[in-house]
Amino acid sequence: MVKKTLIPIGPYHPLQEEPELFKLYCEGEIVKDIKWETGYNHRGIEQLSEKKTFDQSFFLVERVCGICSTSHPFAFANAVEEAGNIEITNRAKYIRSIVGELERIHSHLLWVGLAGHFLGYNTVFMWAWKYREPILDLFEMISGNRNSYAMFKVGGVRRDIENNKIPKIKETLDKFKKKNDLLVGAVMDDPVIHARTKGVGILTKQDIIDYAAVGPTARASGVAIDVRKDDPYAAYPLVNWKVITAEKGDVFAKAEVRLLEMYESISIIEQCLEGLKKEKEGEIEVKVKNIAAGWGTGHAEAPRGEVFHYVLTDGSNSPARHKIRAPSYTNIATFKKSCIGQTISDATISLAAVDPCYCCTERMAVAYDWKTGERILNGNELIALSAEKTSKLKNK
Amino acid sequence: MGFKEFCFKKSLWLFHFGGASCNNCDIEILDCLTPRYDVERFGMLLVGSIRHADVLLVNGSINQRDKSRLLELYEQAPKPILVVAIGACGCTGGIFAEGNTFAGPVDKIIPVDAYIPGCPPKPEAILAGIVKLLNK
Ligand code: SF4
């Protein structure tokens with residue numbers, strides 16, 4: 001019998017910027033099973049959110065994940081606005097979509113860079129991150145910060161994109177498009193990248209459906225799901241664009257989908273900018289007095305897939321219950337399919353291929369007593385606690 | 001020249017510990033390596049093991065699960081080591097300080113030599129912080 005070896009990756013591994021622990025069970029060089037452990041990143045955001053007002057919560061949900069720091073406020077705004085039956089102005093819709101798409105570009109570039117780094121192609125890493133900088137500069141111009149833009153609020157956006165900023169945005173995007181051509185060329189034509197990524201970490205269409213994967217991970221296996229098309233929000237119904245899909249489901253297909261999606265994002269932004277010119281400057285928010293008791297759900301297509309927020313309101317100015325589900329939560333489960341049977345050297349890129357984000361995904365399963373180290377709650381007990389809270393709210 | 005100055009005279013190697021963060025600070029630290037900021041021109045290098053690092057960069061709020069790991073890392077580090085707390089979370093706990101898993105800001109757990117505030121601090125700020133620390 002071949003002996004199984006356990007190879008741990010993490011929790012603090014130079015390969016990852018986030019703390020998480022993977023355990024690869026290998027026979028020889030082949031990965032036979034994989035387990036992962038999270039919790040190193042748990043911050044208790046849902047619970048914190050219930051202590052904050054709706055306005056404050058936006059700053060919090062933005063910090064669920066720094067990379068997709070618009071998608072969470074986006075979904076949260078959709079949820080609160082559904083609960084409060086609020087219709088926002090067209091200008092606010094355009095601005096929201098512009099920020100969302102700029103973020104998609106910077107996030108995809110970040111992934112391309114990291115994927116290059118994982119393959120040992122540091123040139124791709126440096127290139128992609130260099131081209132990402134002008135996009136971050138745009139963010140700084142629009143919102144005042146490179147990441148975590150604080151643009152969203154209930155009923156609209158906090159800052160306007162004045163018409164005099166439009167030419168600069170257009171110019172930057174034009175320049176970026178040329179850079180992206182270069183990057184796409186470099187990835188698509190490089191025989192080594194082909195050899196390393198084609199046929200690696202394959203997820204079939206059925207796998208995607210079984211694991212309910214979302215976002216570029218699903219689209220690379222020929223499942224054309226995209227919240228922006230399936231349940232349009234903000235300015236997406238007002239512009240023309242198409243959902244990019246690929247068929248193969250391997251790492252290469254995922255890279256292809258992401259690279260081509262950036263062109264779609266550019267086109268969406270350009271159309272939104274045209275739309276902005278037609279709307280009156282300054283009409284960026286509707287005044288919201290209070291949010292009635294009720295509930296709302298909101299989703300948004302983050303760079304990694306569907307972000308889902310559920311908000312229960314009780315007529316006060318803060319959420320009574322706030323539930324977040326980030327795309328990586330379902331995408332990470334596909335590791336069970338994509339990594340098993342690969343060699344260890346291919347496992348890293350297969351892990352990276354879904355662009356997992358652990359700070360979004362963090363869940364708590366067990367609680368320990370702080371002082372004695374004693375285990376005080378297990379999963380079932382936590383569920384019972386949660387059920388108790390729901391019934392309390394119901395009876396209120 | 002004291003022993004400490006002697007140790008930090010030449011190229012500094014950095015080790016990055018990301019606690020319970022939102023990932024932004026982590027990304028900004030990585031950003032320092034990329035062409036626009038390029039810390040490697042100062043001889044700074046992000047290394048994979050604390051055992052050959054001169055500087056420990058800590059970002060993110062520290063939760064109960066991270067705390068023992070951070071302590072362990074600090075114990076493994078060759079001394080003297082400079083500890084830099086990065087971001088609002090690293091300095092004070094930031095927006096997560098009221099969370100139910102929060103285990104105290106970095107300076108409650110290990111001694112900190114420099115604080116770089118910001119949420120996230122810009123790469124320029126991170127560079128400036130480390131340079132200031134060196135000239136101290
Ligand atoms: S300081 Fe801000 S950007 Fe940095 S980890 Fe904390 S919340 Fe994220």
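Here are four short exercises on the structure above, each with a worked solution.

This is a predicted model, where local features need pLDDT of at least 70, side-chain atom pairs count only at pLDDT 80 or more, and totals for chains, interfaces and linings use all residues. Residues are numbered from 1 along each chain as its sequence is written, chains are lettered from A and ligands numbered from 1 in the order in which they are written, and side-chain values use heavy atoms, with hydrogens and water left out.

**Exercise 1. The ligand shell**

Work out where the ligand lies and which helices of chain B each supply at least two residues of its shell.

Step 1: start with the place. The ligand sits between chains A and B.

Step 2: list the neighbours, taking a residue as near if one of its heavy atoms lies within 4 Å. Among them are A:Arg63, B:Cys22, B:Cys25, B:Cys89, B:Phe96 and B:Cys119.

Step 3: sort by element, with helices (H or I, at least four residues) and strands (E, at least two) being DSSP runs numbered from the N terminus. In chain B, α2 (24–31) and α4 (87–92) each supply at least two residues, and α4(B) gives the most, with three.

Step 4: sort by character. Ala, Val, Leu, Ile, Met, Phe, Trp, Tyr, Cys and Pro count as nonpolar, Asp, Glu, Lys and Arg as charged, and the others, Gly among them, as polar. The shell then splits into seven nonpolar, four polar and one charged.

**Exercise 2. An acid without a partner**

Find what the side chain of A:Asp207 reaches, and which side chain of opposite charge is nearest to it.

Step 1: place the residue. A:Asp207 belongs to helix α8 (residues 205–211) of chain A.

Step 2: look for a salt bridge, meaning a side-chain nitrogen of Lys or Arg within 4 Å of a carboxyl oxygen of Asp or Glu. A:Asp207 has none, although it is buried; buried is under 20% relative accessible area, exposed over 50%, and partly exposed in between (1.4 Å probe, protein chains only). Counting Lys and Arg as positive and Asp and Glu as negative, with His and the chain ends not counted, the nearest opposite charge is A:Lys337, 4.4 Å away.

Step 3: check the backbone. The A:Asp207 side chain reaches the backbone nitrogen of A:Thr204 at 3.0 Å.

**Exercise 3. Charged pairs**

Compare three salt bridges of chain A, beginning with A:Glu285 and A:Lys153.

Step 1: get the background. Side chains of opposite charge can pair when their charged atoms come close. Over all chains, the count is 31 salt bridges.

Step 2: take the pair A:Glu285 and A:Lys153, whose closest N and O atoms are 3.1 Å apart. A:Glu285 is in the loop between α11 (251–278) and β6 (294–302), and A:Lys153 in strand β4 (residues 152–153), so the pair ties together parts 132 residues apart in sequence. A:Glu285 is partly exposed at 30%, while A:Lys153 is buried at 17%.

Step 3: go on to A:Lys165 and A:Glu162, at 3.0 Å. A:Lys165 is buried at 19%; A:Glu162 is partly exposed at 28%.

Step 4: finish with A:Glu274 and A:Lys277, at 3.5 Å. They are three residues apart in helix α11 of chain A, so about one helical turn separates them.

**Exercise 4. A tryptophan**

Decide whether A:Trp295 is buried or exposed, and name what it touches.

Step 1: A:Trp295 lies in strand β6 of chain A, and at 51% relative accessible area it is exposed.

Step 2: count contacts as heavy atoms within 4.5 Å. Leaving aside neighbours within four places in sequence, A:Trp295 touches A:Glu82, A:Ala83, A:Tyr310, A:Val311, A:Leu312 and A:Thr313.

Key: Polar contact = N/O pair within 3.5 Å; in protein donor to acceptor, adjacent residues only side chain to side chain.
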